[in-house]
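Reader: Please take me closely through one part of this structure, following it along the chain and out to the residues around it. I would like the terms spelled out as you go.

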Amino acid sequence: MKKVGIALVLSTVVAFGTIGTSTSAATNQSQTENVKEEIQNFSAETDNLEVINKEDLPEGTPIINFDSVEDFKKAVKEMETLKAEENTNETNIDNTDTSSSNLNKIMMTAAATTKSGSATIKWYEISWNPLNFKYDTQMYIDFDYKYTGSGSKKKFSKVTDIQSGNGGFPMNWNQTTKGTYNFYDSNRGVKISIKGYYLLGVNVGGQTVGTKFHDGFTKSYHF
């Protein structure tokens, strides 16, 4: 009788344990869906945020933790304000050397005198940090170029293989365009534009969803 009693107790514990796990899993799934839906609804209010499945996040993707969706919304709005101010304060350089006559002159001389080079543009950008959410991270654009002349007469004739990334932590910038460019200052300088996104996980109250924060940059390089 004792053996039967022990077996009955064990089977009862296992049964309740299984039910408890199933219920917890269902609750977690429901909470995750609610968090995802709230963030997805919020993403319709901004041009920069996109919600993706957390399963699509590569291993090692940074995770940002928030106590509530409202805290997350507040942080995103603060970030957008900072970036808007940053873009407003950025000096824009007008391209004055893209006329067809100027380009024809460059092409006529390039065949005999063109040389190759490569360069890197580095700058610090307000980014997304899983520890403090906002911080400055070093961004970079690597590119190859063709040029004519030398010294103070050095001029760009072509730019190729534009690649960008962010150094340090987190390594989560993904370039989505090939990059565009134009020359200025009699082709002594080049402005390069790229677009892409930061890939991040957003954890709210223990529930994680995947996100993409879209961004774009235009940076200058001068001989």
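Author: In strand β9, Lys-212 is the bridge partner of Glu-50, and that pairing is a good place to begin. The model is a predicted one, in which local features need pLDDT of at least 70 and side-chain atom pairs count only at pLDDT 80 or more, while totals for chains, interfaces and linings use all residues. Residues are numbered from 1 along each chain as its sequence is written, and side-chain values use heavy atoms, with hydrogens and water left out.

Strand β1 (residues 49-52) and β9 run antiparallel and are joined by 4 bridges; strands are DSSP runs of E with at least two residues, helices are runs of H or I with at least four, and both are numbered from the N terminus. Two strands are said to pair if DSSP finds at least two bridges between them. Strand β8 also runs antiparallel to β9, with 16 bridges joining the two, and Val-190 has Tyr-221 as its bridge partner in β9. The hairpin of β8 and β9 has 2 residues between the strands, and in this hairpin Gly-205 takes a positive phi near 60°.

Within β9 lies Thr-211, which is buried because its relative accessible area is 0% (buried is under 20%, exposed over 50% and partly exposed in between, with a 1.4 Å probe and protein chains only). Setting aside neighbours within four places in sequence, Thr-211 is in contact with Leu-49, Glu-50, Ile-52 and Leu-57, and also with Tyr-198, Leu-199, Leu-200 and Val-202, where contact means heavy atoms within 4.5 Å. Lys-212, for its part, lies over the face of Tyr-197, 4.5 Å from the ring centre; a charge counts as sitting over a ring if NZ of Lys or CZ of Arg is within 6 Å of the ring centre and within 35 degrees of the ring normal.

Tyr-221 leads on to the aromatic side chains. The whole structure has 16 aromatic pairs, a pair being two rings of Phe, Tyr or Trp (its six-membered ring) with centres within 6.5 Å, called stacked if the planes are under 30 degrees apart, edge-to-face if over 60 and tilted for the rest. The rings of Phe-143 and Tyr-221 have centres 5.6 Å apart and planes at 80°, so they form an edge-to-face pair. This pair links distant parts of the chain, since Phe-143 is in strand β4 (residues 133-148) and Tyr-221 in strand β9 (residues 207-222), 78 residues apart. Phe-143 is buried because its relative accessibility is 1%, whereas Tyr-221, at 24%, is partly exposed. Both belong to one aromatic cluster, together with Tyr-145, Tyr-147, Phe-156, Tyr-181, Phe-183 and Phe-223. The charged end of Lys-154 sits over the ring of Tyr-147, 4.5 Å from its centre.

Phe-143 also takes us to the largest nonpolar core, which has 34 residues; Phe-143 is among those that touch the most other members, as are Ile-39, Phe-72, Ile-141, Val-159 and Ile-192. Strand β8 (residues 189-204) supplies the largest share of this core, 7 residues. Such a core is a set of buried Ala, Val, Leu, Ile, Met, Phe, Trp, Tyr and Cys residues joined through side-chain atoms within 4.5 Å. Not counting residues up to four places away in sequence, Ile-141 touches Ile-192, Ile-194 and Lys-219, among others.
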